Amino acid sequence: MKAMSNDRPQGVCATDFASIIGEENAICLWENIEIGQQNRIQQAITSGKSPSCIVYPRTQQQLAAVIAKAHSHNWRVLPCGSGSKLNWGGLAKGVDVVVSTERINQLIEHAVGDLTVTVAAGMKFSDLQALLAKSRQFLALDPTAAESATIGGIVATGDTGSLRQRYGSVRDQLLGVTFVRADGEIAKAGGRVVKNVAGYDLMKLLTGSYGTLGFISQLTFRLYPLSEASGTVVLTGSAEAVSQAADILRGSALTPVQADLLSTKLVSSLGLGDGLGLIARFQSISESVKEQSNRVLEVGQKLGLDGAIFADDDEANLWQRLQKRIHTTATESVITCKIGVLPTAAVEILTQVELGLIHISSGLGLLQLEGKNQVLKVRNRTQVNRGFLTILSAPIAVKEQIDVWGYTGNALPLMRRIKEQFDSKNILSPGRFVGGI
């Protein structure tokens, strides 16, 4: 595909897309974009030319028409929602236009009795949770930047969080998806009922594909009822004892909804004590929460660990501070990485980094590292433990010097063929995925 030249007239996108959307403030030229938003976009693209404009369709049909127009002109598109995760993944190449679903944000259907919900991709996660809470239900995800993240962006990046301990990943909760193909056609997969099994499962392909296969426009999820009570136990102490406690918890009949191992610096920065940490959250009826919390506390006491139970506002505040600390970098040079290792190797990894969190059952987690040398060192260690380490956010210079994904499997030829089938012109998020896909 021939990329657009740098001397493209600045008004091209605005002129062509205005006839589709026809609304004031729905198209914004690059020079008129707020500086903070410009910076977020620049963190997602290779250095060089900037996109000509951002387009804000208001309906799925407008979105489809916008993508069809881009397809006909071979314009490269960077899909986004609110932009909270634009700096994740690889750098998109030669982007001509940014298309945002931020204004396609309505609740489409909430089937309270069936515990399902269908929403437009641009709806903010926090807004959806507030609506569901009125019916004592919730979507069992705890994504990064929960206040600003859109539902479509969460799925596109496969951003689950610690609740996967009990409820699984994004893929496990997704029942149906509607997306706009690279040629502008609208396609659907799955359905609006929990037992729907008809059709090819495109949902798993689109989840975590960073907008390279299609532009997600509408989603249906399974929901869960809110629990009566909640409580959190924190154990801190030596690496060996924390590792033993994690082994005992994994092998027990206890059912935490969240359970993570915390690095020493993360523990101390949250004011939780000294050493490594284990944090486990239980949600159920009040008696069950108290019983399970006390049993974890007893395990810690037998292993010589310090322990504390958090409830009510103290508990909510603890998890909010934990989320903020693990996702907020102290300096611009910090590199945030997603890690996946055997759960039994998690403690070993956490003793080698300053700031990190790893889920005790899945072995997935987040690390904050300093410099590409540390990234390569920890990546090598994770691969020795049959795991992986991918860069989420980092300075552009770092992403240009080392492989963001660190993929060592043998499926790259297959991935390329899938990309070719879905996006033969390579106009959707070119370069953001594994192997420069």
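## Enclosed spaces in the model

The second largest cavity has Q37, R40, I41, C80, G81, S82, G83 and L86 as its lining. This is a predicted model, where local features need pLDDT of at least 70, side-chain atom pairs count only at pLDDT 80 or more, and totals for chains, interfaces and linings use all residues. Residues are numbered from 1 along each chain as its sequence is written, and side-chain values use heavy atoms, leaving out hydrogens and water.

**What's there**
- You'll find two cavities of 30 Å³ or more.
- A cavity here is a set of points, on a 1 Å grid over the protein atoms alone, where a 1.4 Å probe fits but cannot get out; lining residues have an atom within 4 Å of a point.
- Volume is the space filled by probe spheres set on the points, with grid points joined across faces, edges and corners.

**The second largest cavity**
- Its volume is about 40 Å³.
- Helix 2 (residues 35–42) gives the largest share of this lining, three residues; helices (H or I, at least four residues) and strands (E, at least two) are DSSP runs numbered from the N terminus.
- Sorted by class, this lining has three nonpolar, four polar and one charged residues (nonpolar: Ala, Val, Leu, Ile, Met, Phe, Trp, Tyr, Cys and Pro; charged: Asp, Glu, Lys and Arg; polar: the others, Gly among them).

**The largest cavity**
- This one comes in at about 280 Å³.
- Its lining runs to 23 residues, with P79, C80, G81, G153 and A156 nearest the centre.
- Strand 3 (77–80), helix 5 (151–157) and strand 10 (215–222) each chip in at least two lining residues, and helix 5 has the largest share, five residues.
- The class split is ten nonpolar, eleven polar and two charged residues.

Conventions:
On a 1 Å grid over the protein atoms alone, a cavity is a set of points where a 1.4 Å probe fits but cannot get out, and a pocket is an open set with protein on both sides within 12 Å along at least five of seven lines; lining residues have an atom within 4 Å of a point.
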